[in-house]
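Colleague: Please take a single strand of this model and go through it closely. I would like to know what pairs with it, what encloses it and what lies around it.

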Amino acid sequence: MASPDKSQEQGKGFTLSCECGYITMTTPSRTPSGMAHCHCRTCQKQSGSAFGTSVYYPTDQVFPLPVDLEAKLSLFEHGTDSGNTMRCYFCPKCGVRIMHQGILPDGSWREMMSFKAGTFDDWPEEGGLNWEGMGARHIWTRSARMNLCGNWEAWEKYPDDMVDKKTGEGEGEEKKA
């Protein structure tokens, strides 16, 4: 489960924070399940950029959130094209998006959740998240606002291994260069 600064002291995960420092927390481990640069319209809007970058962990390692952390975070929810609900957690003071949690129509959690990669505090040379070594993929590229390099792994929707096993959501369609 994600927790405030005390996990960092125990050497467990990566430290995350918002721009103003009001929200600080630690990932459940230093071994995320993956990273993706998402080009969907929602990620473009929330990041204010051409794509949003997310780092994935199993949802049950992060939720439920510690009560003190949940009390500090603000929540924005919206429906998704798949019929799920996306919970978007952000800092109420500076507005920085911290993480996303998908809720299925039956109320259960999607298998994976995501932390916004820009909230990771430590640089790779300081022992932080190794962005290059993560092998990030570009997903939902059918909405891309930029040309992608030919050697980048790119998917029109989700890669097959990111398809939610509970719902089949994703459909995998790889973008051909």
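Modeller: Two strands count as paired if DSSP finds at least two bridges between them. The model is a predicted one, and the part I have picked is strand S4, residues 52-58.

I start with its place in the sheet. Seven strands form an open sheet in the order S5-S6-S7-S8-S4-S3-S9, with mixed pairing. Strand S5 (74-79) and strand S9 (137-139) are at the edges; each has a single partner strand, so one side of each has no neighbour in the sheet. From one strand to the next, the twist averages 30°. In the strand order, S4 stands between S8 and S3.

On the S3 side, S4 and strand S3 (residues 34-38) pair in the antiparallel sense over 5 bridges. Methionine 35 has valine 55 of S4 as its bridge partner, and alanine 36 has serine 54. On the other side, S4 and S8 also run antiparallel and are joined by 5 bridges. There, tyrosine 56 stands opposite serine 114 in S8.

Burial comes next. Of the 7 residues of S4, 6 are buried, so the strand is largely enclosed by the rest of the structure. The cut-off for buried is under 20% relative accessible area. In soluble globular proteins, nonpolar side chains tend to be buried together. The largest nonpolar core here has 23 residues, and Val62, Leu65, Leu73, Met99 and Phe115 touch the most other members. S4 supplies at least two residues of this core, as do strand S7 (97-103) and strand S8 (112-116). Another core, of 7 residues, lies apart from it and includes Tyr56, along with Cys40, Ile139 and Trp140 among others. Tyr56 is also the residue that faces serine 114 across the S4 and S8 pairing.

S4 also takes part in a pocket. The second largest pocket has a volume of about 260 Å³. It is lined by 16 residues, and those closest to its centre are Val96, Arg97, Lys116, Gly118 and Thr119. H2 and S4 are the elements that give two or more residues to this lining.

Helix H2 covers residues 41-47, and glutamine 44 lies in it. Glutamine 44 is buried, at a relative accessible area of 5%. Leaving out residues up to four places away in sequence, glutamine 44 touches His39, Ser49, Ala50, Phe51, Ser143, Ala144 and Arg145.

After S4 comes a loop that leads to helix H3 (67-72), and proline 64 lies in this loop. The peptide bond from phenylalanine 63 to proline 64 is cis, with omega near 5°.

Last, a look at S7, which also feeds the largest core. Glycine 102 is placed in strand S7 and is buried, with a relative accessible area of 5%. Not counting residues up to four places away in sequence, glycine 102 touches Thr85, Met86, Ser108, Trp109 and Arg110. Between glycine 102 and glutamate 77 there are 9.6 Å in space, C-alpha to C-alpha, for 25 residues in sequence.

Methods: Residues numbered from 1 in each chain as written. Predicted model: local features only at pLDDT ≥ 70, side-chain atom pairs only at ≥ 80, totals over all residues. Heavy atoms only, no water. Core = buried A, V, L, I, M, F, W, Y, C linked by side-chain atoms within 4.5 Å. Buried < 20%, exposed > 50% of the residue type's maximum accessible area, 1.4 Å probe, protein only. Helix = DSSP H or I, 4+ residues; strand = E, 2+ residues; numbered from the N terminus. Axes fitted to C-alpha atoms, helices over the stretch in contact; angles between N-to-C directions. Contact = heavy atoms within 4.5 Å. 1 Å grid on protein atoms, 1.4 Å probe; cavity = no way out; pocket = protein on both sides within 12 Å on 5 of 7 lines; lining within 4 Å. Points joined across faces, edges and corners; volume = space filled by probe spheres on them.
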